[in-house]
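The exercises that follow ask the reader to work through a protein model step by step. Each task is followed by a worked solution.

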Amino acid sequence: MQPSTPARACGIDFGTSNSTVGWWRPDSDPLIALEQDQSTLPSVVFFNLEERRPVYGRQALAEYLEGYDGRLMRSLKSLLGSKLLKSETTVLGSAVPFKDILGLFLGTLKARAEAAAGRPFEQVVLGRPVFFVDDDEQADREAADTLAAVARKIGFAEVSFQYEPIAAAFDYESRIEAEERVLIVDIGGGTSDFSLVRLSPERRLLDERQADILGTGGVHIGGTDFDKQLSLHGVMPLFGYGSRMKSDAPMPTATHLNLATWHTINAAYSAASQRSLQSMRYDIVDPTGIDRLMRLIEQRAGHWLAMQVEAGKIALSDETRYRIDLQRIEQGLEATLTRPAFEQTLQPLLERLRTAVGELLSRAELGADQVDTVFFTGGSSGIPALRRSMESLLPQARQVEGNRFGSIGSGLAIEAKKRYG
Ligand SMILES: Nc1ncnc2c1ncn2[C@@H]1O[C@H](COP(=O)(O)OP(=O)(O)OP(=O)(O)O)[C@@H](O)[C@H]1O
Ligand SMILES: [Mg+2]
């Protein structure tokens, strides 16, 4: 029997790139509209310096692209588990701990969900990656503790976690008709998370599902890493990445790396970073690239460039070539991205994903032929090379695609209903 009253609690999928809030109600889509009628809120904050206010989501991206002066922050979740989390950053003229910026974003999710639902939420099930941090238990625990503390600070009285790929499993389970053994593959913006689960229409209503969770695994690899590879190989060479110094040493790459990584783009604008480029310039054999780099920084166009690269990456899921127009930096300048070159740069990352799935299967003592279905979710699961790579591991399994951006939030809504009534 399906319960017939709306859940008291909500689930929040705080994603590296996109966030959703799920609230279970009988016979309706659990995802709450967070920005006009959209159920995702891009995990982005823009501190608009001219109007002295923070804005979020698509509006944040739009104001940044319209050229408002201010500071854009994306990939906030990547701060969890990074050393930056303990530091402060300057926004609107004052020093603000990064944690408080997380609080602003999560607080916005809560407030918008409550406004749309017409009632407050005091309990929440937060999604979490299987690992916030690879191979460092303490840092991983700190990341989860920080997220929980932020959730309490913004007003949730009770906070609990569920693994994102388990939540996705519960979403998929709500539409199957017979028992299946399923590998959930959730490739998002920051992490790749996996779970091996036994799902069935009968067991779906049970509160205790531990016996059906055959294993979980994950690696800190996601769309932002794919963006980084594409940027470093396809675009940054035009900005001096790989240039030679007169001493024949390669040009230092700190600025290129900062610009290719979403959550460190602002570091490329620091006075120290700019001074170091200026002093380097005279020692470079051909300064064409570094001059463009300095222009890019002068224009504070790092996020703009990263967005062009990301758009190119997404286009390469359907097309074989993509041209990035860089006239903003220099007349006639463009970068051409191709699918084969992109796939080449992905290989080492895909290998790590395959290893993680292989280890998960062997920990669960399951052969590849014992998995009935592979369920894909997460935006990055749209990459054809990634799908092929997973297919090659489990050639017999049926492939199913979930709502790439909504499965986790929907599954967390189901979990919140079970846990809190
Ligand atoms: N068609 C596509 N092809 C390739 N990548 C895509 C496509 N659509 C979206 N992406 C990428 O998917 C990522 C966002 O996916 P998603 O919203 O699932 O991540 P997230 O839940 O925010 O991150 P995480 O779960 O890792 O914290 C971004 O890196 C985006 O560029
Ligand atoms: Mg996700």
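## Exercise 1. Two residues with positive phi

Asp27 is placed in the loop that joins strand E2 (18–22) to strand E3 (41–42). The model under study is a predicted one.

Task: determine the sign of phi for Asp27, and decide whether Asp27 is buried or exposed.

Solution. Step one concerns the backbone: the phi of Asp27 is positive, at about 55°, although Asp27 is not a glycine. Step two concerns accessibility. The relative accessible area of Asp27 is 83%, and exposed means over 50%; Asp27 is therefore exposed.

Task: carry out the corresponding analysis for Gln36, stating where Gln36 is found and what its phi is.

Solution. Gln36 is found in the loop between E2 and E3. Its phi is near 45°, a positive value in a residue other than glycine. With a relative accessibility of 71%, Gln36 counts as exposed.

## Exercise 2. The span of helix H2

Task: check whether the end-to-end distance of helix H2 (residues 98–117) agrees with the span expected from its 20 residues.

Solution. The expected span is 1.5 Å times one less than the number of residues. For the 20 residues of H2 this gives 28 Å. The C-alpha atoms at the ends of H2 are 29 Å apart, so the two values agree.

Task: name buried residues of H2, and examine Glu114 in particular.

Solution. The buried residues of H2 include Phe98, Ile101, Leu102, Phe105, Leu106 and Leu109. Lys110 and Glu114 are also among them. For Glu114, the relative accessibility is 17%; since buried means under 20%, Glu114 counts as buried. Leaving out residues up to four places away in sequence, Glu114 touches Arg119, Pro120 and Phe121. After H2 comes Gly118, with a positive phi near 75°.

## Exercise 3. Helix H8 and its cover

Task: list the buried residues of helix H8 (residues 288–298) and state what covers them.

Solution. The buried residues are Gly289, Ile290, Arg292, Leu293, Met294, Leu296 and Ile297. Their cover includes helix H6 (254–260), helix H7 (271–281) and H9. Just after H8, Arg300 adopts a positive phi of about 50°.

Task: describe the surroundings of Leu296, a residue of helix H8.

Solution. The accessibility is considered at the outset: at 0% relative accessibility, Leu296 counts as buried. The contacts follow. Not counting residues up to four places away in sequence, Leu296 touches Phe239, Leu259, Ala301, Leu305 and Ile329. For Ile329, the separation from Leu296 is 33 residues in sequence, and 6.3 Å in space from C-alpha to C-alpha.

## Exercise 4. The crossing of H5 and H9

Task: classify the arrangement of helix H5 (residues 223–234) and helix H9 (residues 302–315) from the crossing of their axes.

Solution. Two packed helices are described by the angle between their axes and the distance between the axes. The axes of H5 and H9 come within 9 Å and cross at roughly 105°. Angles of 65 to 115 degrees count as roughly perpendicular, so H5 is roughly perpendicular to H9.

Task: identify the residues through which H5 and H9 meet.

Solution. H5 contributes Gly223, Phe226, Asp227, Leu230 and Ser231, which meet Val309, Glu310, Gly312 and Lys313 of H9. Sorted by class, this contact has 3 nonpolar, 3 polar and 3 charged residues.

## Exercise 5. Contrasting single residues

Task: establish whether Leu353, found in helix H10 (residues 339–363), is buried or exposed, and name its contacts.

Solution. Leu353 has 1% relative accessibility and therefore counts as buried. Leaving aside neighbours within four places in sequence, Leu353 is in contact with Ile187, Ser192, Phe194, Val219, Ile221, Leu386 and Met390.

Task: locate Glu208, and state whether Glu208 is buried or exposed.

Solution. Glu208 lies in the loop between strand E12 (192–199) and strand E13 (213–219). Its relative accessible area is 56%, so Glu208 is exposed. The side chain of Glu208 reaches the backbone nitrogen of Gln210 at 2.9 Å.

Task: carry out the analysis for Ser78, in the loop between strand E6 (70–74) and strand E7 (88–91).

Solution. At 15% relative accessibility, Ser78 counts as buried. Apart from neighbours within four places in sequence, Ser78 is in contact with Thr16 and His263.

Notes
Residues numbered from 1 in each chain as written. Chains lettered and ligands numbered in written order. Predicted model: local features only at pLDDT ≥ 70, side-chain atom pairs only at ≥ 80, totals over all residues. Heavy atoms only, no water. Axes fitted to C-alpha atoms, helices over the stretch in contact; angles between N-to-C directions. Helix = DSSP H or I, 4+ residues; strand = E, 2+ residues; numbered from the N terminus. Parallel < 35°, antiparallel > 145°, perpendicular 65-115°, else oblique. Contact = heavy atoms within 4.5 Å. Nonpolar A, V, L, I, M, F, W, Y, C, P; charged D, E, K, R; others polar. Buried < 20%, exposed > 50% of the residue type's maximum accessible area, 1.4 Å probe, protein only. Polar contact = N/O pair within 3.5 Å; in protein donor to acceptor, adjacent residues only side chain to side chain.
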